[in-house]
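Visitor: Hi! I have a protein open on my screen and would like some help finding my way around. Could you show it here too?

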Amino acid sequence: MCEITSEEGMYKDVNNQNVVPYGPNRKGWQEQIPTLAKKGDKYFVSPPQADPNDIYGGLKVELLDSTDLQLLPRALTEAERKRALLRVETHEELYAETYLGQQNQSVFLDVDFQTHLSRYMNTLLNNIGDPFISGSLGKNTKFAECAVLDYYASLWNARWPSDPKDPDSHWGYVLSMGSTEGNLYSLLQGRDYLKGRPLHEGGQKVPDRELGGETAGADHTIDNPNAFRPIAFFSEDRHYSILKALRAMEIPAYGDVGAAEYPGQCPITEDGHWPLNVPSLGPDGAHPVGCGVVDIDKLETLVEFFAARGHPILLVLTVGTTFKGAHDPVDDIGKRLMPIFRRHGLAQRRVWADPAHPAHWDWRTGFWIHVDGALGAAYLPFLEMAYHAGETAQRGPVFDFRLPYIHSLVMSGHKWPGTPWPTGIYMTKRKYLIKPPEDPDYIGAPDTTFAGSRNGLSPLLLWWYAAVMSYDAQVERILHCQRIAEYAERRLRELSDVLQFDLWVQRSPLSLSILFRKPNDAITSTYSLSTQYVPSPDRRGEWRNYAHIYCMGSVDEQLIDRFVEELSEPEAFPEMAAEEMELKHTPGSERSRHGNDRCGRTEDSVCARQRGGDKAVNNLL
Ligand SMILES: Cc1ncc(COP(=O)(O)O)c(C=O)c1O
């Protein structure tokens, strides 16, 4: 083992035992350290304590010898690099073929990012700072970013172009992360807006008529101990990034405040305990574990409780929930909550944001509604067009800036439309933008975004996609996905009937996700299925382990057929196999006469696939 010598801060192999084989040629790590990184028997760099290949079991590289990718102090040879890249390609292609996960794969040949944009891989593109001001770093793509933002502003019915003279016009930026970044930023902005922090472009001098004009809320913030203590509400089906954002921003959830300040008084539970999430609708005939939409009655009751006690309300709604693909009825929720806000002075209230100027105030809402549209915000507008054109019988809820009570919106570009890496859009209105904590001259543009340096290639991807894909083409795409989702749901239900085994299949209205009982681990891994424990329908403490598939743009009937075929293998559902064994040994049972194979198949397809994969790697190399 190596130990660090205290006097020089260098590593020494005291027993000369550090012979961990490392890198494509599997030589001992220490042998490969060049003289400039060592002095005698001591190293300037830390050695491995074990072969990482033996440790990193969770990397899903069963067909990939990752020693080929281990990096050495020297450059890899051309042959080693080639071999390593073949490994990468094999791995990525293997999972691409059978991908049924939530993100879109960039396999749209008509878009072809690679041909048109790969030249930008060898240059810096950094959109640091506010997207509407170029700033000191000329090598940016903010001109494309603005075009993308206007495009989505129009789809989301915001006022555009973004104009500092028009406080109701949109303001937004292209995210370097995905919607997690957008959720973090919206909750930070919402928190500070409700806390009464100064606004970036000055506040509204007259109350907003659409939200109720001048109301009893004029003096809501005077002598109200809770006036600047926002409380967050979010549903049981929200994404996990919401809790992370709340923690990062130290925003209390309603349940935290309830438990601390109003113990035993929760108006929606029998015993008065405070749940963390606002419950979603319970099970119904078509959705054994609930369709994933927030329970509006309960939300309304909770909001009333806290609004009556003077708290500003920070609400997160979701269009396209992560697991069930459900769309919260944002429009109906707004209609139900606005009267509460008006009644308690939260529709419009005066805020004195700058203690240095006590005579100045601005009018603000005492609530902030954020729509997490990571998945749904980019396709629902096209579904709505299809609906108006008579091409589909259903549309999703109105969720965008047509609703005067919406403050912010996010979507993930890698989910929909489907970029090759994570990105997204955060959008709000200029009048809601919070003044950044400082104004760094250094970047030459206001620091109005969450990230500092921002990836400038993502705006180009989103721009290119919209430049190639007409509205017609995008309507066609979402209709295709809906058709495939219907097909997949039907096939899974049929399979459940054939197997005489309840696969718990369910699909929420217009969802691209279909839920069903989690299959064995090999199938789960092969098809990149996400899984989740969900309380069982009777909610008596039992949980069901579900998986889902997402019918994104790259999924077609053939892939669904192949998937369903694998699911019909005898070992696909371990619980069924166990039940099968039990029945088989029950004398006289119906199934004992059928034998073990209800589908007439014997081969373990997963192993077969594994063997096929091994062959593919060997052929490649
Ligand atoms: C509803 C919802 N919100 C937020 C996110 C986070 O998005 P990202 O992974 O792009 O950061 C997801 C991702 O699955 C999501 O489904």
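Visitor: Thanks! In what order do the six strands of the open sheet come?

Guide: Happy to help, and keep in mind that this is a predicted model. The order is S7-S14-S13-S12-S9-S8, and the pairing is mixed.

Visitor: Which strands stand at the edges?

Guide: Those are S7, residues 170-175, and S8, residues 231-233. Each has a single partner strand, so one side of each is left without a neighbour in the sheet.

Visitor: And how much is the twist from one strand to the next?

Guide: On average, 15°.

Visitor: Back to S7. In which sense does S7 pair with S14?

Guide: S7 and S14, which covers residues 424-429, pair in the antiparallel sense, over six bridges. To see one spot in that pairing, find Val174: its bridge partner in S14 is Ile425.

Visitor: Found it! Now for helices. Which strands does H8 lie across?

Guide: H8, residues 296-308, lies across S8 and S9, and S9 is residues 313-318. The helix runs at about 175° to S8. You can look at H9 as well: residues 330-343 form this helix, which lies across S9 and S12 (367-372) and runs at about 165° to S9.

Visitor: Let's zoom out. How many helices and strands are there in the protein?

Guide: There are 17 helices and 17 strands.

Visitor: What share of the residues is buried?

Guide: Of the 621 residues, 56% are buried.

Visitor: And the surface, how much does the protein expose?

Guide: About 27800 Å², with carbon and sulfur atoms supplying 52% of that.

Conventions:
Residues numbered from 1 in each chain as written. Predicted model: local features only at pLDDT ≥ 70, side-chain atom pairs only at ≥ 80, totals over all residues. Heavy atoms only, no water. Pairing = 2+ DSSP bridges. Helix = DSSP H or I, 4+ residues; strand = E, 2+ residues; numbered from the N terminus. Axes fitted to C-alpha atoms, helices over the stretch in contact; angles between N-to-C directions. Contact = heavy atoms within 4.5 Å. Buried < 20%, exposed > 50% of the residue type's maximum accessible area, 1.4 Å probe, protein only. Areas by Shrake-Rupley, 256 points an atom, 1.4 Å probe, with all protein chains shown as cover.
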